[in-house]
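User: Please introduce this structure to a reader who has not met it before. A short series of questions and answers would be suitable.

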Amino acid sequence: MGAGEQEGAGWEWLRGMSVGACAVSDCPSLMVPKRLRGLFTECVMLALARMRVDPEDLEAYKLFLLVLRLVLQPVPQGLKKGVAQVIRERCDRFMRGEWEGLFAEAPEGRRVTAGAGEERVLRDAVRLVKALELEWRVFDDVMRNVPRASGPGSSQWRWEHLWAVHVSGGRDALLEDDLGVNVRPIACREVLRKLVAKVFCKQRAEAFRSRFCGRPEDGVQGPRAVQIGVAVKGGAELGVHTVQAALDRHPEWVCVKVDAKNTFTAVHREAVFEAIERDLPELWAWTDLCDGVEANLGFRLQGVDGSAVLERIQERHPQVIVMAYLDDGHLIGPPAVAMAAYDTYVEEAVAIGLHIQPAKSAAYSPEGDPGVFAQEMPGARGELAIINVLGVPVGKAEAVSAEMLRKVEELCGLEVGRL
C-alpha cells in the first residue's frame, strides 16, 4: 500500500472513531526530545493543516487529540531501543498514516461515549473561531510564560507539548493568521482551550478590570463592591492590606470571611450565561463552547460572574466594605451592619445555586463584639486572635507575629522561640 493510500485508510479509520474515544486516555505521555521537536511538529501540523482548510473537519480534531497517544505513549518495558529512537519511528509511522496500528499498540485506557454532543461541539467551535480575534503580541507573551510541569487534561496534552510546537515553527498553526496582526484560535479542549483563555483574558484585562473592579463613579460616596480576583495585579495582597487597614482604623469593626461550598461546580449555569449575555456578550461563544455541552465530553464550569451579587449587597448595605477574591468573600464593617450584609450574601448566594457554610466561615474583630453571628461560626464567641485572609493572618501585631512564628516552626520542625 502506497503512502497516499495508507494515509487515506487512516482518515477512513478515524471516521469510525468517536470524539470521546479520541479525547480520553489514562495513558501518560512522554515529553518531546529536543532534537525531535521539528518531527513532532510535523505530526501535529498534519492535523492542524486540515483544520485550517476546513474548520468543520471533525476527523482533523480527532487526530489532533490522538497525536500524543500515538506518538508519545510510554515505551514498553524490555524494548531494546532508546526513547528518542522509538519516538522517531512512531513519528515516521504517523506521517505515513499508520494511526490504527499505533492506536492498537497504546495501553488500554478509559473509553467514553461522546453521544449527541459531538456535532454541538464542532458547531460551537466553528462559531468561536469566527467570533474571537486575538493578537499575536499577546499570544507570544503568554507562550513565554506558560506553566511547566502542570497536569495534563484527559487527552494528556501538556503545556510542554504546545511549547515544542511553538518553538519549532508551528506558531502560525496554533492560531490561524488572517492578516498578520489578529489571529483566530483553532478551538480544541484542554490545553489549547486554556491557551486561548489565557490569551483572551490577558488581551481583555482592562475590560475585565472595569467590569469587576472599576473606580467609583463621580459623585458616588462610600465604598464600592470589588472583585479583586479578576485581572487585578496583586489582587490577593490588595485584599489582605484592605482588611488590615480597615481593622487598624476601626478596631471595633468586624471582618466576616464567607465560605461557599463547591462554588465552581455548584452555581447554576443559567446564572453564568445570563451574566455573560448581559455584561460581557463578547464572551458568549467562548462560554457556550466550554460550558454549554454535556459533562461526558470533559467540559466543566470554570468560573462565575459574582460581581452583580456583590454590587447588590453593597447597594443594600453601603456602610460595609464588600470584597471578594474569586469565591472568597469578605465583609468589613460594624458588627450589626456586617451581620445584615452577611444575611443578604446568603440570600443572593442561594439564588444562584450556592450554599454558604457558616461553620467554615469566620468572624473576627480586634475590639468589637462578633457575638451577633451564629454561634456555629468560628469567631462568633470572640475566640479568634487573628483571621486568615487569603491565607495570610490579619489582626493585632502581637497575634500576627505569634501566628507567623507558629507557621515557621510548623514548616521547619523547629521551636524557633527557643533558638
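Analyst: A polar contact is a pair of N or O atoms within 3.5 Å; within protein, one must be able to donate a hydrogen and the other to accept it, and residues adjacent in sequence count only if both atoms are side-chain atoms. This is a predicted model, in which local features need pLDDT of at least 70 and side-chain atom pairs count only at pLDDT 80 or more, while totals for chains, interfaces and linings use all residues. Residues are numbered from 1 along each chain as its sequence is written, and side-chain values use heavy atoms, with hydrogens and water left out.

User: Which residue has a backbone nitrogen 2.7 Å from a polar atom of the side chain of Q227?

Analyst: The side chain of Q227 reaches the backbone nitrogen of G229 at 3.0 Å, so that distance does not fit the question. At 2.7 Å from a polar atom of the Q227 side chain lies the backbone nitrogen of L326.

User: Is Q227 buried or exposed?

Analyst: Buried means under 20% relative accessible area, exposed over 50%, and partly exposed in between (1.4 Å probe, protein chains only). Q227 has a relative accessible area of 6%, so this residue is buried.

User: In which strand is Q227 found?

Analyst: Helices (H or I, at least four residues) and strands (E, at least two) are DSSP runs, numbered from the N terminus. The protein chain has 18 helices and 10 strands. Residues 226–227 form the strand that holds Q227, namely β4.

User: Which element gives the most residues to the largest nonpolar core?

Analyst: A nonpolar core is a set of buried Ala, Val, Leu, Ile, Met, Phe, Trp, Tyr and Cys residues joined through side-chain atoms within 4.5 Å. The largest one has 38 residues, and F40, L63 and W99 are among those touching the most other members. Elements giving two or more residues to this core include α3 (37–53), α4 (58–71) and α5 (83–95). With 10 residues, the element that gives the most is α4.

User: How many residues are in the second, separate core?

Analyst: This core includes A260, V309, V320 and L331. In soluble globular proteins, nonpolar side chains tend to be buried together. The size of the second core is 26 residues.

User: How many disulfides does a search of the whole structure find?

Analyst: A disulfide is a pair of cysteine sulfur atoms within 2.5 Å. C22 counts as buried at 1% relative accessibility, and C255 counts as buried at 0%. The number of disulfides found in the whole structure is zero.
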